[in-house]
Each structure stands twice: as C-alpha cells, then as structure tokens.
Amino acid sequence: MMNDQLRALLRQMPKAELHIHIEGSLEPELIFALAARNGVALAYASVEQLRAAYAFEDLQSFLDIYYAGASVLLKEQDFYDMTSAYLARAAADNVRHAEIFFDPQTHTARGVPMADVINGIHRACQDSPVSATLILSFLRHLSEEDAFATLEQALPHRDKFIGIGLDSSEVGNPPEKFARVFARCRELGFHLVAHAGEEGPPAYIETALDVLHVERIDHGVRCLEDAALTQRLARQQTALTVCPLSNTKLRVFDTMAEHNLLGLLDAGLLVTVNSDDPAYFGGYMNANFAAVFEALPLGLAHAQRLARNGFIAAFLPDEVKRRYLDEVDAFFAAAAV
Ligand code: ADE
Ligand code: ZN
C-alpha cells in the first residue's frame, strides 16, 4: 500500500513518455465522434458496447480491435484532433516530453495520404506545450517490402519524425525480418527502436540489438529469462520502455503483483514507465505509475529513478536532458523537506 505523499508525488513529478502509440490514445468517445463526422460504420452500437469489448486475451486480440478503431481516421484534422487529445492528457499528467509512435501503414492501406497522417500528427505536436517528437513504426506482420515502400512515402516528410520503430504481432515476426529496411533507416540517420520481448522470446531482444542496431527496446520484459542478456542490457544501459497496464491487460503478467518491474530495476536495468495504448489499457502515465506502485513494494527512490530514466533514455540533446534531470532532482529535493 502506498501512502498519500507518494501517490501525490507520482502524479506531480515531471515525466517523459517514450512508448505511446498515438492510435492507442483514441478514446471510444472520439472514435464515435470521428465515425459520425466521416460517415464510417462501426461494428459497435455505442461507446459502452465498444468499451465492453476491451477484454483482451493476448496481443493479437487487442490489435484486432485497435486496427478497427483506427479506421475512423481519414482526414488530416482527425489525426490532429487525436494527437491534441493525447497531448492534453499527457500535460495533465505532468509529462514534459513525449516520443510518439504512429503506424502509417494502418492508414495508407485505407487510402489515406501519408502527408495527411504525418502533417496532422505533427501540427498537433507543434501546437502543444508538451515537447513532442515522432517515431514512425513499421507493422511487423506486413512484409519488409511494404516497410520499404512506406519509408519512401514518408521520406519527403523526414523533418517531421526522428526515429523508426517496429510494432504489431511479435511472435513469428522476428526483428531480423526487417534487417535491410532498418539498415537503410540507420544510414538515413534516424533513431531506431523496436518492440521485442513483450510476447516474443529473449532472442528477439538480442536480434533487435545485433541485427537492427536499435537504441532502446520497447517492452523487453522477457529479458529476465536470459541472465546473460540481462547482464548485457544492464552493462550497456539499454533502455526498456515498460508499460505496466498494457502488460497486465494483454496477459503478459496475470496480475500487477506479478509484474517484474522491480526485478528489472534490481537487475540494474534502465527501466522507464509508459502507457503504450492508454485508451485501451485503462489509463495514461499517472495511472500506470499508480497501478504499479500500488501493487509492488516501490518507494520514493524508485519514483525518482524512474522519472530520471525517462529523460535519460529520451532522444534529446544532452543539455536538454540535463535541464529536465535537474527539474526532476529539484522536485524530489523539495519533496524531501
Ligand atoms: N501496437 C500498439 N500497441 C502495441 C503493443 N503493445 N505491442 C505491439 N504492437 C502494438
Ligand atoms: Zn507498444
């Protein structure tokens, strides 16, 4: 059980969010509003019916509903409105900086122009008081050829995203399937990340590092099954973007009390806390911190370390990181008196 002071500090501390799929921030109310605005038919009669469908057994059962929800996004303004809504929630949770995934193939496959996807999301980032950058994520259930074509379509907009990621159905779609397209993205100077070790085995974390040359691992919680890999991640201080509510909703862990976040911290890993798909998994950044601190024996020092890790692992210039880290440290110093 957490005390009220810790609960308040978790809410108020400055945060960075490094693992949020913007399509996963679409709340049921906004799905229905956009469906009406765009004349898109939904398989659910009401917001309540849609929300009731959010009972997932695994990653794939979530992804099926997530891609269906994204079908209401057609116009540049839709992408703007979705992103603005997320950034308002992030600001309310004292998120100072967010690195936001978007899945262009989910939209271009439906005929939405790449320019509308990127410009809508990017314009909302520019209009927000939260510092926000974008990571284009390839869908790993599609081919590497499709990823190459997506990269080509996005390159005219390369000034609007800073990195490349890899998401969607993990098992059976190992990182090495995307070796050539990630090599190209590396030549182009993008930051690289990949989902690995969420449902997939520790070997996928290894190939994400050794074949794709990613700088961070998204999720990565299954690394603890491999002691040598865990030691390597600790030695290299490779960041893991862990998403506690996602992991319990998708049954990576059956309950939050079984989550391995404290084990990851105790192994010396650079762990961060993130929301993944907050509209689907029961909450944004503050809800994730509250849930995991409620369930595990975590205290003030863990809170400070997790807040610092978010900024340490961010793709930001060193002097900007330093400023955020000073803000975190000043926040906790003030709390201690
Ligand atoms: N796309 C959106 N959320 C995801 C997750 N948790 N894992 C893989 N792909 C995703
Ligand atoms: Zn994710």
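Guide: A residue is called buried when its relative accessible area is under 20%, exposed when the area is over 50%, and partly exposed in between, with a 1.4 Å probe and protein chains only. This is a predicted model, in which local features need pLDDT of at least 70 and side-chain atom pairs count only at pLDDT 80 or more, while totals for chains, interfaces and linings use all residues. Residues are numbered from 1 along each chain as its sequence is written, chains are lettered from A and ligands numbered from 1 in the order in which they are written, and side-chain values use heavy atoms, with hydrogens and water left out.

Visitor: Why is Asp277 called buried?

Guide: Its relative accessible area is 2%, and the limit is under 20%, so Asp277 qualifies. His19, at 0%, and His21, at 4%, are buried by the same rule.

Visitor: How do you know that Asp277 is a "binding site"?

Guide: That comes from an unreviewed UniProt entry; positions follow the numbering used here, feature names are shortened, and annotations may be inferred rather than shown by experiment.

Visitor: What does Asp277 touch, leaving out residues up to four places away in sequence?

Guide: It touches His21, Gly24, Phe62 and Tyr66, where contact means heavy atoms within 4.5 Å.

Visitor: What makes His21 a donor to the zinc ion (ligand 2)?

Guide: Donors are N, O and S atoms within 2.8 Å of the metal (3.2 Å for Na, K and Ca); water is not among the atoms, so sites may look incomplete. His19 (NE2), His21 (NE2), His195 (NE2) and Asp276 (OD) coordinate the zinc ion at 2.0 to 2.2 Å, so they meet the 2.8 Å limit.

Visitor: Why is the site of the zinc ion (ligand 2) called irregular?

Guide: Four donors are tetrahedral if all angles lie between 85 and 135 degrees; four are square planar and six octahedral if opposite donors are over 155 degrees apart and all others between 65 and 115; anything else is irregular. Here the angles run from 85 to 176°, so the tetrahedral range is exceeded, and the site is classed as irregular.

Visitor: How do you know that S1 and S2 pair?

Guide: Helices (H or I, at least four residues) and strands (E, at least two) are DSSP runs numbered from the N terminus, and two strands pair if DSSP finds at least two bridges between them. S1 and strand S2 (residues 95–102) have five, in the parallel sense, so they pair. His21 has Phe101 in S2 as its bridge partner.
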